[in-house]
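Here's a quick briefing to read alongside the model. Have the structure open and follow along.

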Amino acid sequence: MKNRWNNREAARHKSPLDLRVYTSRLLGKDPDLVMHGGGNTSVKIAEKNLFGEEEELLYVKGSGWDLASIEREGFAPVRMATLLKMAALDELSDSDMVRFQRAAMTNPNAPAPSVEAILHAIIPFRFVDHTHADAVVTITNTRDGKRRLRDIYGDSVLIVPYVMPGFILAREIGQMTRRVDWQALKGMVLLNHGVFTWSDDAQESYEAMISLVTAAERYLSRACGKLSLPNAKATKAGEDLLALAAARKSVSELRGAAVLARPDRGKAALAFSLLKNVASIGTRGPITPDHIIRTKQKPVLLSKNPQRDIARYAERYRDYFLRNKHDSLSCLDPAPRWAIWPGAGTVAFGKNAAEIGIIGDIVTHTTKCIRQAEALGGWKPLPEKRLFEMEYWELEQAKLKKGGAAPLFEGKVVLVTGAGSGIGRACVETFAAQGAAVAALDVKKAITHEFDSAQIVGIRCDLNSSQQIAKAVDQTIRHWGGLDIVVSNAGIFPASESIADMSPAIWDKSLAVNLTAHQRLLQRCIPYLSQGIDPTVIINASKNVPAPGPGVSAYSVAKAGLTQLARVAALEFAPQGIRVNVVHPNAVFDTGIWTHDVLQKRAKHYGQTIAEYKRNNLLKTQITSQDVARLICTLAGPVFSKTTGAQIPIDGGNERVI
Ligand SMILES: [Zn+2]
């Protein structure tokens, strides 16, 4: 484990709290030490209160903060005197612990202190560092873990059998250490959970952590060697995107909300999924109970029939709940958070890009730890009862309940064509702002790095090529796990020419882009939309359909054909629950097709100035891409869930249309 301490950087952090921030961030930089909100740190500081009295405070990591990005405000200042009194109690309920810890804070606006605050308080050193280091927990999760730890550390660390975190753990350690010489200890390993180190010096406490973890890592690499990876043939086989979309649908139904699915077909994930005993070792439990609220106690194992596998998983989850429940607990949703797909890697399920990222990371670390523990003689995580206790612990569940109502399109996957500008771009941004995961297709090269959001993936695609359409749709499924909403938007506005003067090239190009490309896209999307959540298609046609103008036959005819395609699609797709609706915008001038030249020509054609032409409608209003995007989002949402085959103008009112 790399020691990231840097004297020059450290010197910039003068106060103990600033140093605490510095070394906490160093710990947070290594995902092999802590991941996504895991681990916690503290520093004890004497401060004068409002009345001039000196008080000792524990600044401990606040709930909701991540060590990698923590700031001074991320530490909750709690009075040591109260924490030590709490530690001496025989009994303390979780709710009392939380209430008293909060009441003992000197700043009521600080975040809630970590549930491990009391334990930090009883460790008689100024700095305390706690991680769930992979190497250490891997060794503790084996049949012979305790003996191995003794081999590695001798008597230099205190080994604590697994106890649920919170008050009971602090009380247990308080009792164990009554007659212990703290000075003789380098740290403490909590079996199946993690490591603690301490010192009055920030650097020493941090470096003690690095040294304990490095010793465990060396032991592992000596004992396990290099883990094998699959051959090239195995890495090519096993991809079934339709089955992936079906699995995502089943998981969404069980979870009661749309989720995304992200397969991992990297070499490590594939190697894990190809293990002969993967069904057994993959489903025994997590590497640390801290992960349970993210991953549940086990993944689902997929086969040729993912829907059946997921339904069975849910049944077994309910059995697990009934076997272990007590008091008035109610069963959480029985949807798996990740899957092992033998021969095809692993899959993470989550509500948004952030959640699939977190779960994906945890899975990557978990599968590696499991393989190493197996090489050490047997992967043996905590028993079911302990895992259940943690999963249903009210303090863990409270972490998940923060954050209010979900955005309207959370977990939904939207594919938008012509996403690089105008209405398409506005659709991408409007859907993403409402929580959707978006595949933004455009012919321009820059589309792949145009959007600075984890919720949007830009995909380059020339819609004139069926092959490129197929690739782009496949990439969407691979990235988000399925498809729910297609905004078939891309279009061109060809140069005005009368029928008599029409050049075949202009006519052909308009039909290819404004009509045929939409048909090809729909054809490719249908199998995935059939597995979508409240699936829908929105076609961007034009006011030109109900009210054509002279000189634009190539455009009007293609858009009329497109509208007819949408009407037939509404008829054909209805049995699969897929809605198809059409919008007819007019005079949306902030799009790519309205160059100054085109504007001038059209205005001249009607004998108007550009300004008059822009508001040439009954409401005398200007229609923007944003207005059209809002309409399209509304059409895709629940307000229009009972509407299909409709054509909706957005044109400021046009007497020829009305
Ligand atoms: Zn912990």
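Along the chain, the donors of the zinc ion follow the spacing H-x1-H-x60-H. H132 sits in the loop between β4 (127–131) and α6 (134–140), and H193 in the loop between β6 (187–190) and β7 (194–199), so this pair ties together parts that are 61 residues apart in sequence. Keep in mind that this is a predicted model.

**The zinc site**

- The protein donors are H130, H132 and H193, each offering its NE2 atom, and they lie 2.1 to 2.3 Å from the zinc ion.
- H132 is tucked away: its relative accessible area is 8%, which makes it buried.
- H193 is buried too, with a relative accessibility of 4%.

**V137, a neighbour of two donors**

- V137 belongs to helix α6, and β4 and this helix flank the loop that holds H132.
- Is V137 buried or exposed? With a relative accessible area of 0%, V137 is buried.
- Which residues does V137 touch once its neighbours within four places in sequence are left aside? The contacts are H132, H193, G194 and I287, and two of those names, H132 and H193, also turn up among the zinc donors.
- V137 and A216 are 79 residues apart in sequence, yet their C-alpha atoms are 9.3 Å apart in space.

**Helix α16 and what follows**

- Helix α16 runs over residues 353–375, which gives it 23 residues.
- From its first C-alpha to its last, α16 reaches 33 Å, close to the 33 Å expected at 1.5 Å a residue.
- Just after α16 comes G377, which takes a positive phi of about 120°.

**The whole protein**

- The protein has 25 helices and 18 strands.
- Taken along the principal axes, its C-alpha atoms fill a box of roughly 100 × 65 × 50 Å.
- The protein is 658 residues long, and 55% of them count as buried.
- If you take the contacts between residues at least 6 apart in sequence, 72% of them join residues at least 24 apart.

**Surface and charge**

- About 28,500 Å² of the protein is exposed, and carbon and sulfur atoms supply 51% of that area.
- There are 82 positive and 66 negative side chains in the protein.
- The centres of those two charge sets lie 5 Å apart.

Notes: Residues numbered from 1 in each chain as written. Predicted model: local features only at pLDDT ≥ 70, side-chain atom pairs only at ≥ 80, totals over all residues. Heavy atoms only, no water. Donors = N, O, S within 2.8 Å, 3.2 Å for Na, K, Ca; no water. Helix = DSSP H or I, 4+ residues; strand = E, 2+ residues; numbered from the N terminus. Buried < 20%, exposed > 50% of the residue type's maximum accessible area, 1.4 Å probe, protein only. Contact = heavy atoms within 4.5 Å. Areas by Shrake-Rupley, 256 points an atom, 1.4 Å probe, with all protein chains shown as cover. Lys, Arg positive; Asp, Glu negative; His and termini not counted. Charge placed at Lys NZ, Arg CZ, Asp CG, Glu CD. Expected span 1.5 Å × (residues − 1).
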